[in-house]
Amino acid sequence: MKYLAICEDDLLFQFMRKVATKRGEVLFLVQKPEVARRIRRHGASSQWGDLEKEETYQKSHLEHVDQVILFIRDVELRARVYVVLRSLNPELPILSLSSEKEITGDRKDPFFRQILLEDIFQEFCAPQLLDTFNRQKVERIRSLFREKDKIHILLQHDPDPDAIGSALALRELLGRKRATTPIVTFGQVTRPENVAMIRLLDIQIDTISYNDLHRDRAQLALVDVQPPYFGVSLGKVDLVVDHHPKRIPFTARFTDLRPHYGATSTIFTEYLRAAGMEPSQRLATALLYGIKSDTLFLDRASDVADLEAFTFLYPFASRALITKMERPALPREDLEALGRALSRLQLDDGVAVIHMGEIKREDVIPQMAEFCLQIEGVEWAVVSGLCGDQVVISVRNVGYVRSAGDVMKRLFNAIGSAGGHRSMAKAVVPLERFKEHFGEVSEKVIREAMVSLIRQKEEELSERIPAERA
Ligand SMILES: [Mn+2]
C-alpha cells in the first residue's frame with residue numbers, strides 16, 4: 001500500500017510514525033521545506049510544495065498512490081485540496097481527519113471518509129485517562145491496609161456474583177490470601193447459581209456474627225454494598241466500592257461509588273487493568289459472571305464501561321464454567337430421588353408438594369421448586385428434603401395469591417427459621433423439632449399444613465377485595 005499523507009505541518013507524522021512503517025509506504029506532503037526536512041530526519045519520506053497546485057501532486061506520483069490521508073485544519077484550504085485531488089483522480093480513496101462535523105467536499109462521494117478528531121480521542125485517549133484515574137485509586141486502596149492487618153470483606157446478606165467477584169478482585173489487588181482476608185456475610189449464599197459459582201470457583205464465604213466483625217482488630221471493606229444497608233453501625237469502615245447510588249450518608253476512609261456503572265465488578269476490572277494485573281482464569285470468570293448477571297447480559301442499566309470490562313475479561317475467563325454456573329448440574333442421586341417423587345406427584349388445587357428424602361446438596365431443593373413451577377397448572381411448588389439433621393423446605397409461588405414468605409413464616413418460624421418474599425421462600429427446621437411438631441416428615445404432612453394455610457390466605461384476600469376477584 002502506498003499512502004500520501006497531506007498535511008500543513010508534521011503533527012500527523014508524529015501520530016503516524018509507527019503506523020506509517022508498519023502499514024506500508026507513506027509519503028508526507030507538506031507545505032514548507034523545513035517541515036519536510038524534519039520528517040526526513042526522522043526517517044520517513046516527505047515532499048513539500050503548494051498543496052493547491054496540480055504539479056505538486058504530479059511530483060508525488062499521485063498515480064501510484066492507493067490512499068490519501070488528509071489532515072489540514074484550515075477548512076478552506078482543505079476544501080480546495082479536495083477539489084484539486086478529485087480533478088486529478090475521481091476515484092482516489094481519501095480519508096480526512098477533521099475537528100468539524102461539516103463534511104468537506106461532496107457528500108455523495110463514495111471514496112471519501114471523514115473522521116472526527118474527538119472520536120479518535122474518545123476511542124484511544126479516554127481509556128488512558130481513565131486508567132490513570134483508576135491507578136490512583138488502586139494506590140490509595142493499597143495504602144489503606146498495613147501488612148499485618150486482618151481484613152474482612154463484607155458482602156450483602158445473600159451475596160451475589162457481582163459482590164463475590166468484586167471481593168475476590170479486592171483480595172487480589174491487595175496481594176492477599178484467604179486466611180488474612182476472608183470474604184464474610186451476615187447471611188449466606190442461597191441462590192442455586194451463586195452456590196454453584198462458589199463451589200465451581202472454590203470460593204469460601206464465611207458467615208460472620210456482628211460481634212466478630214472487628215475481632216482481632218480486623219479492618220473492614222465493603223464491596224457492592226454500603227454501610228446503611230445493614231441497618232446497624234458497623235464501626236469503622238475502611239473501604240466502600242459500589243455501583244449503587246448513595247441514598248443515605250455514611251463515612252468510610254475510602255469510597256468509590258459509580259452509580260452509572262452496571263456492576264461493581266466493572267470498577268474492580270478497571271482497577272486490575274490500571275494496576276497492570278492480568279486476571280487469573282478464576283478471577284476473570286468471577287468478574288465476568290458478576291457483570292453478566294448484574295446487567296442481565298449487558299442489558300439492564302449498563303454502561304459502556306461494563307461493555308469494556310466485559311471485553312477485557314472475556315479472553316481470560318472460562319465460558320464452560322459460566323455455563324455450568326448458570327445451569328448448575330444436579331447430583332445423579334438427587335435427580336433419581338426427584339424422578340421417583342415426580343412419578344407420584346399429586347396436583348391438588350394447583351399445589352405441588354414433593355419430599356425428596358435425603359439429598360446430597362441443599363441447593364437442589366430450590367432448583368426443584370423452580371422446576372416444579374413450570375408444570376402445567378402448578379401455582380405453588382413446595383419441595384422439601386433432608387440435609388443432615390435438618391428439614392429444608394423451599395416454596396415457589398405464581399398466580400393470584402402470592403404469599404410464599406408469609407405462609408412459611410407462619411408455619412415454621414416457631415420451630416425453625418423461615419423467610420422469603422411473595423414469590424419465593426425457604427424454611428430450615430431441625431429434624432427433631434419437625435417431628436415433635438408434625439409427627440413425621442412426609443409429603444402428606446407438608447401438604448396438609450401448607451394447603452390449609454394457603455386456603456386461609458385466599459379467603460382473606462377474597463374478603464378484602466371481592467370486587468376485584470369477580
Ligand atoms: Mn452489584
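## An exposed loop residue

With 8 C-beta neighbours inside 10 Å, Asp202 counts as exposed, because a residue with 12 or fewer such neighbours falls in that class. Keep in mind as you look around that this is a predicted model. You can find Asp202 in the loop between α8 (192-200) and β9 (205-207). Its backbone is worth a look too: Asp202 has a positive phi of about 55° although it is not a glycine. Most residues other than glycine have a negative phi.

Now follow the chain to Arg217, in the loop between β9 and β10 (219-223). What is the phi of Arg217? It is positive, at about 50°, and Arg217 is not a glycine either. Arg217 is exposed, with 8 other C-beta atoms within 10 Å.

## How the chain is divided

The domain assignment splits the protein chain into domain 1 (2-116), domain 2 (128-325) and domain 3 (332-466). Between the C-alpha centres of domain 2 and domain 3 there are 34 Å.

## A parallel sheet and its helices

Let's turn to the start of the chain. In which order do the six strands of the open sheet stand? The order is β3-β2-β1-β4-β5-β6, and the pairing is parallel. At the edges stand β3 (45-48) and β6 (112-116); each has a single partner strand, so one side of each is left without a neighbour in the sheet. From one strand to the next, the twist averages 20°. Strands of a sheet pair through backbone hydrogen bonds. To see one pairing here, pick out strand β1 (residues 2-7) and strand β4 (residues 67-71), which pair in the parallel sense over five bridges. Ala5 stands opposite Ile69 in β4.

Helices lie across these strands. Helix α4 (residues 75-88) crosses β1, β4 and β5 (94-98), and runs at about 165° to β4. Helix α5 (residues 117-124) lies across β5 and β6, at about 60° to β6. Within helix α4 you will find Arg80. Is Arg80 buried, partly exposed or exposed? With 15 C-beta neighbours inside 10 Å, Arg80 counts as partly exposed. Arg80 and Phe124 are 44 residues apart along the chain, and their C-alpha atoms are separated by 30 Å.

## Two nonpolar cores

In soluble globular proteins, nonpolar side chains tend to be buried together. Here, the largest nonpolar core has 51 residues, and those with the most contacts inside it are Ile153, Ala167, Ala221, Leu222, Val223 and Leu287. Helix α10 (residues 281-294) gives this core its largest share, seven residues. Which residues does Ala221 touch, leaving aside its neighbours within four places in sequence? Ala221 is in contact with Ile151, Ile153, Leu154, Leu170, Asp238 and Leu239.

Apart from this core lies another, of 37 residues, among them Ala337, Val351, Ile354 and Met356.

## A hairpin to finish

For a last stop, look at strand β17 (residues 417-420) and strand β18 (residues 424-430). How many bridges link β17 and β18? They pair in the antiparallel sense over four bridges, and a hairpin of three residues joins β17 to β18. Gly420 has Ala425, in β18, as its bridge partner.

In a regular strand the side chains alternate between the two faces of the sheet. You can trace two faces in β17: Ala418 and Gly420 belong to the covered face, whereas Ser417 and Gly419 belong to the uncovered one.

Conventions. Residues are numbered from 1 along each chain as its sequence is written. This is a predicted model: local features need pLDDT of at least 70, side-chain atom pairs count only at pLDDT 80 or more; totals for chains, interfaces and linings use all residues. A residue is buried if 20 or more other C-beta atoms lie within 10 Å of its own, exposed if 12 or fewer, and partly exposed in between; C-beta atoms are placed from the backbone. Two strands pair if DSSP finds at least two bridges between them. Axes are lines fitted to C-alpha atoms, for helices over the stretch in contact, and angles run from 0 to 180 degrees between N-to-C directions. Two residues are in contact if their C-beta atoms, placed from the backbone, lie within 7 Å. A nonpolar core is a set of buried Ala, Val, Leu, Ile, Met, Phe, Trp, Tyr and Cys residues joined through C-beta atoms within 7 Å. Domain bounds come from an automatic or database domain assignment.
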